[in-house]
Amino acid sequence: IIRKEENGTDGNDGYEEGKQARDRGEHLNRKGEELKKSAEKSQQQQQQQLRIGSTQQQSPEYEQAGMLMSQQAAAMDAGLMPNNLISNSAILTEDEENLNEIVGEEGNNVDEQTSMQVEGSTEEMEQQPATEVSEGVEPLAMDAFTAEGTGNPDLSLSALSNYKDSWDPLEATDHPLFWHIPKAGGSTVKDIIGTCHRFVMATEFGVTDGHDQDTEIAVVYPRSGPEGSGSDRSPFVNVDTTTVAGIDRAQRMGFADSGLAQAIVTPFIYEANNLFTSTAKGRIFTVFRHPIDRAISLFYYIQVADWEPTYSPELVNWSLEDYAKSPLIENNWMTRQLSNTLEGDLNDDHLKIAMEVIRRKFLVGLMTEIERTMERFERYFRWTYHVNPPNQEACRERLLSGGSNKNASGNKKEKPAEGSEDYQLLMWQNMYDVQLYQYIEHLFEEQEQYVADIPPDFRNIDATCCKCGPPTFPPGGFTCPLAIQN
């Protein structure tokens, strides 16, 4: 899955200049082969763990895709899978489509309401003894969740051609694009970028206060709080990059070539490819969370999110099992988004495409390593403070320690035990995403080499203060945010 480029060119430009760049590109390819073997080993170990209580030796014929439906039927008979989920297809009802909009404002810390932090490393989980399951519930084998593909998927990624590869040299015309995954700590990262670093952002907020009617691209300062609150407004580009229609509008307005946005937020990486050009390309980065924990967090969120237009009061009385058996449950959300396969069955080809997208196009972060993640983003993009460094650092520390959306309700929820019926139901719907996440954990450690020569505290190095007296500015110039109060 992690492969060398066939044309022998991708990755050879490296991250810096000259020989160092070529060495890094070659090192990435060598490491890719090692990561592939490691991922395969992890997958084999997880297969063994999921076969709890099963002594049946599986023949090659048993592992063929033709046996998938038999295993699904057995799971249904055992009560592990409802009739309407007999295929691994996503069931796209109106409610489920609307659920994509339920992003909410989650913090890096798991809310009291949605406290589902991943505990321990993958290796520790693999070493733990198998969890006993309820009587009559037979755990499902890995093969029951997956289906063989053609073995030769298209890995050219031509639909993402306007994004740079993660190892390409950083240029001033590059556009950092944050792929926002619901309930994965993305709001903390967004708030640090916008509120603490005070960067000009492209999000849904740019079209508030009537700016959706603007005909020319510009930086605006929409009201962000109650009038008279005394807080400064933050700068945004007057576009909405979180909807397909908004992306189309931004493209028509010449978004990329304007160079106004310092960071872009969107859940649509394929559609957002059209925002960029060959001379102004995007660079994708994001924070990932374990798919089972994310699914649980999302369920507890939609139970209480009465401010969301898709809120349904009956969800308050649902159990996690009810949710896992309903059409509202997401099916391998990350794999579908990354392989651009929103409907229909998934197979191993889609997982390979998703992994290749991550390998080539993403700077990855982990919710379980949020401080390292944020620091890596800052070092990778060369982000430094330019407004008021002491205040900006305090802002950053506050968000990293408390999150953007800490819920003080005290309604903490427990995570179902591995091997339990609820856990198996969630695993059924996230098997490809779980394998993808295991690879992402390996890649997170590998990508440290991208910033190996950048000091950890880079955000404070050569920092300037445009709000100080007298003000200071970086050599390349900096537009100080306006002091427009709410």
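The expected span of a helix is taken here as 1.5 Å times one less than its number of residues, and helices (H or I, at least four residues) and strands (E, at least two) are DSSP runs numbered from the N terminus. The model on screen is predicted, so local features need pLDDT of at least 70 and side-chain atom pairs count only at pLDDT 80 or more, while totals for chains, interfaces and linings use all residues. Residues are numbered from 1 along each chain as its sequence is written, and side-chain values use heavy atoms, with hydrogens and water left out.

**The whole chain**

Begin with the entire protein in cartoon view, where the secondary structure comes to 15 helices and seven strands. Of the 486 residues, 53% are buried, a word that stands for under 20% relative accessible area, with exposed meaning over 50% and partly exposed the range in between (1.4 Å probe, protein chains only). If you display the surface, about 21,200 Å² is exposed, and carbon and sulfur atoms supply 47% of that area; accessible areas come from the Shrake-Rupley method with a 1.4 Å probe, and for residues only the protein chains shown count as cover. Among contacts (heavy atoms within 4.5 Å) with a separation of 6 or more, 79% are between residues 24 or more positions apart.

**Helix H15**

Next select residues 421–446, which form helix H15. From the first C-alpha to the last, this helix of 26 residues reaches 35 Å, close to the 38 Å expected at 1.5 Å a residue. Centre the view on Asn430, where H15 bends by about 75°, the bend being the angle between axes fitted to the seven residues ending there and the seven starting there. Adding the surrounding protein shows that H15 is mostly covered, since 23 of its 26 residues are buried.

**The disulfides**

Now show the cysteine side chains and look for disulfides, defined as pairs of cysteine sulfur atoms within 2.5 Å; by this rule the count comes to three. Select Cys196 and Cys395, which are joined with an S to S distance of 2.0 Å. Cys196 lies in helix H5 (residues 186–196) and Cys395 in helix H14 (residues 389–402), so the pair ties together parts that are 199 residues apart in sequence. The torsion about their S-S bond is about -75°, so this disulfide is left-handed, and both Cys196 and Cys395 are buried.

Move on to Cys465 and Cys468, whose sulfur atoms are 1.8 Å apart in a disulfide that is right-handed, with 80° about the S-S bond. Cys465 is buried at a relative accessible area of 6%, whereas Cys468, at 35%, counts as partly exposed.

Then select Cys466 and Cys480, which are joined by a disulfide with an S to S distance of 1.9 Å. Both cysteines are in the segment after H15, 14 residues apart. The torsion about the S-S bond of Cys466 and Cys480 is about 65°, so this link is right-handed. Cys466 is buried, with a relative accessible area of 10%, and Cys480 counts as buried at 19%. With the bonded cysteines numbered in sequence order, the pairing reads 1-2, 3-5, 4-6.

**Arg294**

Finish at Arg294, in helix H9 (residues 291–304), which is buried with a relative accessible area of 4%. Leaving aside residues up to four places away in sequence, Arg294 touches Ile181, Pro182, Lys183, Ala184, Arg289, Glu330 and Trp333.
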